[in-house]
Amino acid sequence: MKYRTAAEAALEPEPPAVHRVGWGFISLYTLAYMSTSLLFIAPLLVTLALKVNSLVGIERAPNSLALVAGTGALLAMVGNPFFGKMSDRTASRLGMRRPWMVIGLVGGSLGILVVALAPDIPVVLAGWCIAQLFFNALLAAMVAVLPDQVPSVQRGLVSGVLGVCLPIASVCGTFLVKLFTGNMLAMFLVPCAIGGLFILLFAVRLKDRRLASAEKPAWSLREFASTFYVNPRQSPDFAWAFASRFMFVLAYAFLVTYQAYYLLDKIGTAKADVPQQIFLGTLAQSAVIVAASLIGGKGSDRRGRRKIFVLIASIVYGLALFVVAIASDFSGFLVGMAISGLGFGVYVAVDLALVVDVLHDKRSAAKDLGVFNIAGALPFSIAPAIAPVILAIGKWQLRRAVHGRRALRHYRSGRHPAREACPMST
């Protein structure tokens, strides 16, 4: 049988007897996906920084954290498509995705345990690398469930529901860590335990897709190299979706990474008030993301279109960054963050559904989605590297403009050397 591309399938009418997933499946899938986000986000937001600070002190903590988090991000970019490829060629009686969910959860939790008990930074680095590799195996299998189980007419709805997982996981993660403040081991392991419960429940209930041994894809060095690449000539729509996500997340990474410095320098916030203002900004953004994602996902299914929502989301997010840039007080910043939540929420509602619709080959869905996830991870490594250059250019232009205005004022007041040399000048 010839495999249709997902784009071809999306354009064809659904057969009358198409199997639609029910709200029971969607609810359980959402809880498992949210739990997967919780495993990543709780350490990144709070506990990893606290652990590093407890080992090296506040002076050395930023550089040490950058080393640990940056190395983990690089491994995540490699691990996600690799384990996606392994999932695509898993011919197990337990299915294609279920084994990697369990392996990823167990291995990643062991890595988190190593981080929690680490006596120094090298051990923290080793534990975090283990956690990132195995949690990305879990994530690759979890994302692949969408094209495996959900028909095209429901992908916008399900993608929109999944879009609210990250902001909710962020709030839940910080709340759980707050409950166990002072107990480093509990702060690391409690999110793993709670998230792992829902992931295992979903893995047990999942009617997983199975691959016959005879249909197992060939394995070679060239095949391994292709794990990290999707040919843009064969899949131009996938390439455009990858590029759009990379640019969108890059804009998001700039805002998230440097908002503390923005509040201090641009708004004039006192250092003690920065955490509270970042929390309020994140809360405003997350609330709008949840609403916009649910509405946008359902709307894209009804219209049968995805690209128009990506275009609208990009325009709205660009407007939000403009509002943030011209804000003169914290209220203006909050308005900009709320608008950014609207743009980001609409984008994440259709982002995953769009790329699933344009997958070149369903047989390599997990691998291709792993490659696509690079577009979401890479900007957080690039943004800190190129931001200083952009900031330096902006400061240079600002100084040049200020110098020009001062020279003009001096000239008009008669103190400028050129005016003194020419008294008749006006």
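A disulfide is a pair of cysteine sulfur atoms within 2.5 Å. A search of the whole of this predicted model for such pairs finds zero disulfides.

**Figure 1. Welcome to the whole protein, a chain of 426 residues.** This opening view takes in 16 helices and zero strands. Of the residues, 47% count as buried. The accessible surface comes to about 21800 Å², and 67% of that area belongs to carbon and sulfur atoms. Among contacts with a separation of 6 or more, 82% are made by residues 24 or more positions apart. Keep that last value in mind, as several views below show pairs of this kind.

**Figure 2. Here are two cysteines, Cys-129 and Cys-165.** Are they buried or exposed? Cys-129 has a relative accessible area of 13%, and for Cys-165 the value is 0%. Buried means under 20%, so Cys-129 counts as buried, and so does Cys-165. Neither takes part in a disulfide, as the search of the whole structure finds zero of them.

**Figure 3. This close-up shows the largest nonpolar core, with 54 residues.** In soluble globular proteins, nonpolar side chains tend to be buried together. Which residues have the most contacts inside this core? They are Tyr-29, Met-101, Met-142 and Phe-202. Seven helices give two or more residues each: α2 (23-56), α3 (61-88), α4, α5 (121-149), α6 (152-163), α7 (165-179) and α8. The top contributor is α2, with 14 residues. A second, separate core has 24 residues, including Phe-309, Tyr-317, Phe-333 and Met-337.

**Figure 4. Now let us visit Met-101, one of the residues with the most contacts inside the largest core.** With its neighbours within four places in sequence left aside, Met-101 is in contact with Leu-138, Ala-141, Met-142 and Val-145. Its list of contacts also takes in Phe-202, Ala-203 and Leu-206. Two of these partners, Met-142 and Phe-202, are themselves among the residues with the most contacts in the core.

**Figure 5. Four charged residues, Asp-88, Arg-97, Asp-148 and Arg-209, are linked in a network of salt bridges.** Side chains of opposite charge can pair when their charged atoms come close. How many salt bridges does the structure hold? There are three, and this view follows them one by one. Asp-88 pairs with Arg-97, with the closest N and O atoms 3.0 Å apart. Both Asp-88 and Arg-97 are buried. Arg-97 also forms a salt bridge with Asp-148, and here the closest N and O atoms are 2.7 Å apart. Because Asp-148 lies in helix α5 and Arg-97 in the loop between α3 and α4, this pair ties together parts that are 51 residues apart in sequence.

**Figure 6. A further view of the network turns to Asp-148 and Arg-209.** These two form a salt bridge of their own, with the closest N and O atoms 3.0 Å apart. The pair links distant parts of the chain, since Arg-209 sits in the loop between α8 and α9 (221-225) and Asp-148 in helix α5, 61 residues apart. Arg-209 and Asp-148 are both buried. Asp-148 has a relative accessible area of 14%, while the value for Arg-97 is 0%. The cut-off for buried is under 20%, so Asp-148 counts as buried, as does Arg-97.

**Figure 7. Thr-90 can be found in the loop between α3 and α4.** Which residue 121 positions away along the chain has its C-alpha atom 6.8 Å from that of Thr-90? The partner is Leu-211. Leu-211 is also in contact with Thr-90, as are Gly-95, Met-96 and Trp-100, when neighbours within four places in sequence are left aside. Thr-90 is buried, with a relative accessible area of 13%.

**Figure 8. The tour ends at the surface, on a nonpolar patch of about 570 Å².** Val-102, Val-106, Leu-110, Leu-113, Leu-117, Leu-185 and Leu-200 make this patch. Two helices, α4 (98-117) and α8 (184-205), give two or more residues to it. Which element gives the most? The answer is α4, with five residues. Leu-185 has its place in helix α8. Its relative accessibility is 36%, so Leu-185 counts as partly exposed.

Note on methods:
Residues numbered from 1 in each chain as written. Predicted model: local features only at pLDDT ≥ 70, side-chain atom pairs only at ≥ 80, totals over all residues. Heavy atoms only, no water. Buried < 20%, exposed > 50% of the residue type's maximum accessible area, 1.4 Å probe, protein only. Patch = residues over 30% accessible without salt bridge, like charges linked within 9 Å, V, L, I, M, F, W, Y side chains within 5 Å. Areas by Shrake-Rupley, 256 points an atom, 1.4 Å probe, with all protein chains shown as cover. Salt bridge = Lys/Arg side-chain N within 4 Å of Asp/Glu carboxyl O. Helix = DSSP H or I, 4+ residues; strand = E, 2+ residues; numbered from the N terminus. Core = buried A, V, L, I, M, F, W, Y, C linked by side-chain atoms within 4.5 Å. Contact = heavy atoms within 4.5 Å.
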